[in-house]
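Grab a pencil and work through these exercises with the structure open beside you. Try each task before you read its solution.

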Amino acid sequence: MSAAALEVRDLRKSYGANEAVAGISFRIEPGEVFGLLGPNGAGKTTTVEILEGYRKRDSGDVTVLGVDPELGGRALRERIGVVLQSSELPATLTVREVHRMFAGYYAHPRDVDEVIGLVGLEEKADARVKTLSGGQKRRLDLGLALVGDPELLFLDEPTTGFDPAARRTAWELVRALRGLGKTILLTTHYLDEAQQLADRVAVIRDGRIVKQGSPAQLIGIAPRVAIRYHEDGRDVVIETDEPTRVLAELTGVAAAAGRELESLEVVRPSLEDVYLDLIDNGSGNESP
Amino acid sequence: MRIFVHELRNQQRMFWRNRESAVFVFIFPPLLFLLLGAVYSDRIEGFRAADVLIVGLVGYGCANTALAGLAITLVIRREAGILKRIRATPLPATTYLTSVLGSTLIVFVLQMLLTIALGVVLYGAKGPENPLGMVAAALLGVACFAGLGFGATALIRSAEGSSAVVNLIVLPMAFLSGSFGPTRRYPDVLQWLADVLPLTYLIDLMNDIYLRGGSFVDHPKEIAIVAAWGLVGVAIAWRRFGWEPRER
């Protein structure tokens, strides 16, 4: 087995009594796009910030490009690129100037204009940061994460707050980065984003990984089909693995009795339902 | 060294591009000098008023640039997440902070030269009797107030409050220490307060060097007190300085 780009084993981190990360394990292969998917407060950002070297873990083994991020220091920071969940940049500098500023921090930076082109900001290269739209600022964040020519990229909720068109553009960009052979750890609370971009996804809830696999595998664990109708003034929902048989029985009985099943529908669960089912299941304490 | 020069350039570009910092930090003390110079036209304690005011406002400028300006800038950058983002790059923390310090020194030295030039051209000031001594005093002053500026950065929680907090410190201090005119007729209580403040001793030191041509090294007491204040600031920063936003 080749060396992992990133490996996490039984990672734990508490803030006071709150266990933000409660025993997480995963492994990312070189060149892979890995998605950490979960709702706000699930522990995604805490996990990523431990991997980026911002936080100390309470326990567990972590290696980033073969190095413990707590000890990696400058040499490790040469090899990683970071997009934080929220961070601003010097408002009065231009896009090109900020790229040059960051490029100067690295021993072997990429060509600044090439990076600006890669993130699609050519036309804004001489515009000041404060004049950029939200989506353009996020692309600038991406450009700065790339300018050091990193092997591994951390993207913490790179499209939160984007309109649908801007998200599509950002997705194209992440795919392009993947094409460059970069290893990417992406966090998101959008299921479709994880599905679109990630080779493998870990669904995280309350500091634990509740499911891990390829997007196809996650859909493969789809819950059952629901048959819904209206009867005697109330909604009836039947969940089943055998919709054909159940539906035949149901309609047979109703037809024989001369009744109409009001608002009859057969619903196949969406990805969203799969995801919600995963993150709600067993959490108990979240229901009122 | 290459990366220090690179970052020093970045810091300078950001300083001069930002109209608020360029006006408030760089222009404001020389502007006050112009106003006060128009009011005091005679002699102050046997010296030309313009020369006495130059020393006072250079002292104020030092505190305003290195304490107030530096702290406001760093708090704003910290709360915006800029400092946190930079910590994820290979730029060493010490290189970043020394380039901030170096940039502050450049701004203050230019400001000092501008104030003296204005005094000489407009108000007939003589200029410093001991120019090299003034350079030494400027270095000491920037070191002291930048130390306090790093300490203040560590203590201030929000970007919104930073300007109010530092001006609440710097402006009364400048008033008590004699930046805006002689303090001999101040009530005793204010003079006792002034006797504790670093700016009082920096201005005393600069007065002797600038007005009487005194030597920098002849003032171990003033140097020690000013340096001690700087170390207090550095000690606070050492314990409390953070790179991540406090209010998020």
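Below are three exercises on this predicted model, each with a worked solution.

**Exercise 1.** Find the order of the six strands in the open sheet of chain A, and work out which strands stand at the edges.

Solution. Start with the order: walking across the sheet of chain A, you pass E5-E6-E7-E3-E8-E9, and the pairing is mixed. Next, count partners: E5 (80-83) and E9 (208-213) of chain A have a single partner strand each, so one side of each lacks a neighbour in the sheet, and these two are the edges. Finally, check the twist: ignoring direction, neighbouring strands of this sheet are turned by 15° against each other on average.

**Exercise 2.** Zoom in on E5(A): in which sense does E5(A) pair with E6(A), and over how many bridges?

Solution. E6(A) covers residues 152-156, and its pairing with E5(A) is parallel, over four bridges. For one bridge to look at, take A:Gly81, whose partner in E6(A) is A:Leu153. Now add the helix: H5 of chain A (residues 134-146) lies across both E5 and E6 of chain A. Its direction makes about 165° with E5(A).

**Exercise 3.** Describe the contact between chains A and B, then take apart the side that chain B provides.

Solution. First, tally the residues: chain A puts in 20 residues and chain B 17 residues. Then look for elements of chain B giving two or more residues: these are helix H1 (2-17) and helix H4 (82-87). H1(B) gives the most, with six residues. Last, sort chain B's side by character: eight residues are nonpolar, five polar and four charged.

Methods. Residues numbered from 1 in each chain as written. Chains lettered and ligands numbered in written order. Predicted model: local features only at pLDDT ≥ 70, side-chain atom pairs only at ≥ 80, totals over all residues. Contact = placed C-beta atoms within 7 Å. Nonpolar A, V, L, I, M, F, W, Y, C, P; charged D, E, K, R; others polar. Pairing = 2+ DSSP bridges. Axes fitted to C-alpha atoms, helices over the stretch in contact; angles between N-to-C directions.
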